[in-house]
Each structure stands twice: as C-alpha cells, then as structure tokens.
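Welcome! Please take a look at the sequence and the model below, and then let us walk through them together.

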Amino acid sequence: MFDLVIKGGEVIDPSQNIHEKMDVGIAQGKIASLRKNIRSEEAREVREVAGKIVVPSLVDLHTHVYWGDTSLGVDADELGMRSGVTTFVDAGSTGAGNFLGFQKHVIELSTVRILAFLNISYPGIFCFSQNFRFGELINLELASVEEAVKIGQTYPQSIVGIKIRASMDASGTHGVTSIHLARQAAEELGKPVMVHIGSPPPTVEEILPLLRKGDILTHSFRGMPNYVLQSNGQIIPELREARRRGVIIDIGHGVGSFSFKVAKRMIEQGFLPDTISSDIHALGINGPTFDLPTTLSKMLNLGMSLDEVIRASTQNPAKVIGLEGKIGTLQEGSIADIGVFEIKRGTFMFNDCFGEEMEGNIKINPILTIIGGQVWT
Ligand SMILES: [Zn+2]
C-alpha cells in the first residue's frame, strides 16, 4: 500500500536515464516504486498528473536564504513551495561570525532542506542591498581560515564547502589571495570551494588554474568584462582545462551574472553547464531572476534539451553537495521530493542581466511540489 501515487505523468529522471510515462509510488516519505500503471487501489491518495512532467524536486546550488538577518536573503520556504525547489544551497550569505543564527533560526526551522557554502569572510555578505553595498573582503582582515574551519567542523551536515566572491566589488584587490585562504579552509574540511567571478581583479584566467576537481565556478556564463569567451567568441582554454580536471561549471544567474549572448555561444560550442542555479536573492526575486524554473526556461529556449536542464538542476547539484542517490533522483529508496511541472508553449519574454531581451516559445511552470512524501500546500 502506498501513501501517495503520482499517476499518469511523463517521468524525467536523468539519474536513471528515464524519460517515459510512469507512475511514482510513495511510502513513508520515500520513493517506493517507479513503474508503469500502479493501480489506484494500491494508494491512499492519488494525484492524476496526465500531460505534466514529473521530476525529482529541484536542487538550487546557488541561493541566498538567510532571510531577515542578511539584506540579500529571501524566504526559502515561501519560494520553494511556489517554484518546486526543495533543496536550497546558500552561497556564502554567512561566515563563521553569523552562521549560528542561520543554523538555528532558518536551517533548522525550514520545511525545505538548506545547506550552505560558508563565506571565508567572517561576517559573510553583510552589506548588500539596492542602495548600500560594501564588499565582505574589501579588508582582508575580515577573512579567517581558523574560524571558518571551526564552524565547518561543528556543522558538517549543513556546511558543504567554502565560498569566496573573487571580484573587485567583494574582495577589492585581494581576490586571488582570498581564494588561497578559502582553499586552506576548504582543504582542512575536505570540502570544495565555490568561487564567484565578477568585475576584475582577478581575471577568470587567473582564477581557473587555482580550481581543482569538485570546486565550483559560479556565474560562469556572465557577460563582459571578465567572461569565459575570447574576442573571437571561442571558449577560453583555461575553462576547457578546468572542466577536464573536474571543476563544476555553474550558472548562478543573479542580477548581474547571466548573459544570453554568452550562453548562446557556449551552448553552440557544446559547452553546457554542469549545474543550473538561480543565485536568487532579494534584489532579483522580482526580476530578472524570479526563481529557478525561470532560469531553466531560459536555458531551454537557448537550446539545452529538457533532459539536460533537469539533470543540471537535480542529479548534478545533488552530487556536488554529496547527496547523490538521496535527493535529485526518483530511484527507489530515495527521499520522496518530487516536482510536477507543466511545459507551456506560447510566446514568452525573458531578460538577462546585460540588457538583452529574448522571445521564447517554451516555459517550465511548477504545478505541484511533494516534499518528504507529502503534497506541499
Ligand atoms: Zn550569490
């Protein structure tokens, strides 16, 4: 007997290379069965979702969800319920100095699962709003390897790596130095570094050789200046070498870090992102970011396939945070976090962060979210 059956939908689960009409049976918060034609009599509750797609709930690898205590934070539960995201990875909103509040007041109280890259800056991203900004590593004395390691060791379940914003606005001229500090902390924790690129210094050509297997480059498809294309439109060799080493190439859309022109050139050259994340925060939630499904819709219209887009927002980010096989999959025994979406056809307008508007004909819209086996209402 199943507690819930999701019936009649088109299941897309890249972790098992499945893309076909199937039913999902859920029992005790876990995926109990994935097969054709589960009979309604076998279920306490049935949700008919014919014509819709059924995927693992989305995993957003770059978000800012320390609502209220950091000016850039958004409310993860509110956003998750309406966007089909049940795992949020916070990308450095907090450092060692304020992580405890994030853990006790947000992570432990949220319905969604929240994990964090801890900022190497002790106060984290403490000053980031529309009218008021001050970089967290403008003064390098704000970085503390020792404190970051201590907090990372105390909360190993929540902290999945170390974040560093290596750009002029966040780290002044200390970008490369601060990557080395982030590396030291990450190495002691045995976890990866997530590096943000932005206005230089440092340049992306300086940053990429410092990244190792499992590290993450976020804002990878940003526009000029300091982007991953050469003047002739070809991908810089440093990025290809980084991919060969196993560096994770992440989107991190945000409000200033995604360019349609760059994304188009990348996809044309067959260079797809490993992970598609929103970099959702208070300044982008009313556009141009909106939510993760909007970023996925943009990638679809730019030429990625539906299966590729789902893989980059389920299985791949789950692997980056060490939860492969538990979330981001519909395999039997995994946590029953499931997203039901509709694929809408029509005319839709999208905006990037570099003043470009794009007309698209496909949009992925959340319909229903199941979290831990429960329909989330
Ligand atoms: Zn961010």
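Let us begin with a pair of strands: β15 and β16 run antiparallel to each other and are joined over twelve bridges. Helices (H or I, at least four residues) and strands (E, at least two) are DSSP runs, numbered from the N terminus, and two strands pair if DSSP finds at least two bridges between them. As you look, keep in mind that this is a predicted model, in which local features need pLDDT of at least 70, side-chain atom pairs count only at pLDDT 80 or more, and totals for chains, interfaces and linings use all residues. Residues are numbered from 1 along each chain as its sequence is written, and side-chain values use heavy atoms, with hydrogens and water left out.

Within this pairing, N351 has E357 in β16 as its bridge partner. Five residues lie between the two strands of the hairpin, where G355 takes a positive phi near 80°. Moving on, β16 also pairs with strand β17 (residues 374-375), again in the antiparallel sense, over two bridges. Here I370 finds its bridge partner, V375, in β17. This hairpin has two residues between its strands, and G372 takes a positive phi near 55°.

G372 also leads us to D337, which sits in the loop between α11 (315-320) and β15 (338-351). Which residues does D337 touch, not counting residues up to four places away in sequence? They are P56, S57, T86, R113, L330, I370, I371 and G372, where contact means heavy atoms within 4.5 Å. With T86, the side chain of D337 makes a polar contact, side chain to side chain, at 3.0 Å. A polar contact is a pair of N or O atoms within 3.5 Å; within protein, one must be able to donate a hydrogen and the other to accept it, and residues adjacent in sequence count only if both atoms are side-chain atoms. D337 counts as buried because its relative accessibility is 4%; buried means under 20% relative accessible area, exposed over 50%, and partly exposed in between (1.4 Å probe, protein chains only).

Next, find the open sheet of seven strands, which has parallel pairing and the order β8-β9-β10-β11-β12-β13-β14. Its edge strands, each pairing on one side only, are β8 (58-63) and β14 (248-249). Four bridges join β8 to its parallel partner β9 (residues 85-95), and D60 has F88 in β9 as its bridge partner. Helix α2 (residues 99-107) packs on this sheet, touching β9, β10 (113-119) and β11 (159-166), and its direction makes about 170° with that of β10. Another helix, α9, packs on the sheet too, touching β8 and β9, with its direction at about 95° to that of β8. For these angles, axes are lines fitted to C-alpha atoms, for helices over the stretch in contact, and angles run from 0 to 180 degrees between N-to-C directions.

Now turn to helix α1 (residues 76-83), where A76, D77, L79, G80 and S83 are buried. Seen down the axis of α1, these buried residues fall within an arc of 165°, so they line one face of the helix; the arc is that of the directions from the helix axis to the C-beta atoms. What do the buried residues of α1 pack against? Their partners are β8, β9, β10, α9, β15 and β16 (357-371). At the N-terminal end, D75 caps α1, with a side-chain oxygen 3.1 Å from the backbone nitrogen of D77. After α1 comes G84, whose phi is positive, near 75°.

From α9 (292-301), follow the chain into the loop that leads to α10 (306-311), and you will meet M304. M304 is buried, as its relative accessible area is 4%. It touches I267, L272, P273, I276, M299 and V309, not counting residues up to four places away in sequence.

One more sheet awaits: four strands form an open sheet with mixed pairing, in the order β5-β4-β1-β6. Here the edge strands are β5 (30-35) and β6 (46-48), each pairing on one side only. Strand β4 (residues 23-27) pairs with β5 in the antiparallel sense over five bridges, and V24 has L34 in β5 as its bridge partner.

Finally, a word on the cysteines. A search of the whole structure finds zero disulfides, a disulfide being a pair of cysteine sulfur atoms within 2.5 Å. C127 is buried, with a relative accessible area of 10%, and C353 is buried as well, at 17%.
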